[in-house]
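The following exercises invite the reader to examine a protein model and to reason from its residues. Each task is followed by a worked solution.

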Amino acid sequence: MLTLLPNEIKQLTKEQAQLLLDASKEDSLEALWVLALTTGMRRGELLALKWQDINFEQAMLQVRRIFTRAPGNRYIESEPKTEKSRRSIMLTSVTVETLKRHRIHQLEAKLQAGPAWVEHDLVFCTSFGTPLNPNWVLERFKKLLKKVGLPDMRFHDMRHSIATILLSMGVHPKVVQELLGHNRIQETVDTYSQVLPTIHKEAIKKLEDVLWK
């Protein structure tokens, strides 16, 4: 069962996230799913991500832009809404390797497209280099969920999943706040308050083990 957060927000357990990541290895958008589940980036941030934003040597990326909906069911590139949304995110070694493989596949697609390729430097794009339709990405996500037998959920719920997983591991809320790009730590604490009692219990247990055992 998916755990529910306030306002019916769904989130994956650690085991379900692992299941989703395993299934994504056979998906052409594997790098996108891996990034979503390990960084908590918003869909618009992921689809606006460019290769120039990624530093492979330092295993880090910069969130500098986002795709937002415009009149006429169009999506345009714009600046992040807040200063905190412009942030640096550390990447796991697995994420880095996944992105490198994705880069190779993209270069192969570029060669195949030839003159039809439109260069935007996007990490995630069509077979001709143009931006992906966010609604199409959502449909692909829902198909992946169904494939592995997980209940339906929003793309945004992957963002909530990584936050609750990290907090349940004892990661400080300040770190989670910076990862997600929340303006204030109180926003993080309020949103994931149901996870904090468990963290407190584990902290007290660890204190007891140190002082009396």
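The exercises below concern a predicted model.

**Exercise 1. The nonpolar core**

Determine which residues touch the most other members of the largest nonpolar core, and which helices and strands supply it.

Solution.
Step 1. The largest nonpolar core has 51 residues, and Leu 20, Leu 32, Trp 33, Leu 61 and Phe 155 touch the most other members.
Step 2. At least two residues of this core come from each of helix H1 (14-24), helix H2 (30-39), helix H3 (43-47), strand E4 (60-63), helix H4 (93-113), helix H5 (134-147), helix H6 (157-168) and helix H7 (173-180).
Step 3. Take Leu 20 and set aside its neighbours within four places in sequence. Its contacts are then Leu 12, Leu 37, Phe 141, Leu 144, Leu 145, Val 148, Leu 150 and Met 158.

**Exercise 2. Two helices and their cover**

Identify the buried residues of H1 and of H2, and explain how those of H1 are placed around the axis.

Solution.
Step 1. In H1, the buried residues are Gln 16, Ala 17, Leu 20, Ala 23 and Ser 24.
Step 2. Because these residues cover an arc of only 125° around the axis, they lie on the same side of H1. The general rule is that an α-helix has 3.6 residues a turn, so residues three or four places apart point the same way.
Step 3. H2 is mostly covered, with nine of its 10 residues buried. These are Glu 30, Ala 31, Leu 32, Trp 33, Val 34, Leu 35, Ala 36, Leu 37 and Thr 39.
Step 4. Gly 40, just after H2, takes a positive phi of about 75°.

**Exercise 3. Salt bridges**

State how many salt bridges the structure holds, and describe the pairs formed by Glu 26, Glu 45 and Arg 65.

Solution.
Step 1. The structure holds 15 salt bridges. In general, side chains of opposite charge can pair when their charged atoms come close.
Step 2. Glu 26 pairs with Lys 147, and their closest N and O atoms are 3.3 Å apart. This pair links distant parts of the chain, since Glu 26 is in the loop between H1 and H2 and Lys 147 is in helix H5, 121 residues apart. Both Glu 26 and Lys 147 are exposed.
Step 3. Glu 45 forms a salt bridge with Arg 42, with the closest N and O atoms 2.7 Å apart. Glu 45 has a relative accessible area of 2%, so it is buried.
Step 4. Arg 65 forms a salt bridge with Asp 53, with 2.4 Å between the closest N and O atoms. Arg 65 lies in the loop between E4 and strand E5 (66-70) and Asp 53 in the loop between H3 and strand E3 (54-55), so the pair ties together parts that are 12 residues apart in sequence. Arg 65 and Asp 53 are both buried.
Step 5. A network of salt bridges links Lys 50, Asp 53, Arg 64, Arg 65 and Glu 77.

**Exercise 4. Buried or exposed?**

Decide whether Gln 177 and Trp 212 count as buried or exposed.

Solution.
Step 1. Buried means under 20% relative accessible area, and exposed means over 50%.
Step 2. Gln 177 is found in helix H7. Its relative accessibility is 2%, so Gln 177 counts as buried. Apart from neighbours within four places in sequence, Gln 177 is in contact with Lys 84, His 182, Asn 183, Arg 184, Ile 185 and Thr 188.
Step 3. Trp 212 is in helix H9 (residues 196-212). Because its relative accessibility is 68%, Trp 212 counts as exposed.
Step 4. Together with Val 210 and Leu 211, Trp 212 makes a nonpolar surface patch of about 410 Å².

How values were computed:
Residues are numbered from 1 along each chain as its sequence is written. This is a predicted model: local features need pLDDT of at least 70, side-chain atom pairs count only at pLDDT 80 or more; totals for chains, interfaces and linings use all residues. Side-chain values use heavy atoms; hydrogens and water are left out. Patches are made of residues with over 30% relative accessible area and no salt bridge: like charges are joined within 9 Å, nonpolar side chains (Val, Leu, Ile, Met, Phe, Trp, Tyr) within 5 Å. Accessible areas come from the Shrake-Rupley method with a 1.4 Å probe; for residues, only the protein chains shown count as cover. A salt bridge is a side-chain nitrogen of Lys or Arg within 4 Å of a carboxyl oxygen of Asp or Glu. Helices (H or I, at least four residues) and strands (E, at least two) are DSSP runs, numbered from the N terminus. Buried means under 20% relative accessible area, exposed over 50%, partly exposed in between (1.4 Å probe, protein chains only). A nonpolar core is a set of buried Ala, Val, Leu, Ile, Met, Phe, Trp, Tyr and Cys residues joined through side-chain atoms within 4.5 Å. Contact means heavy atoms within 4.5 Å. The arc is that of the directions from the helix axis to the C-beta atoms.
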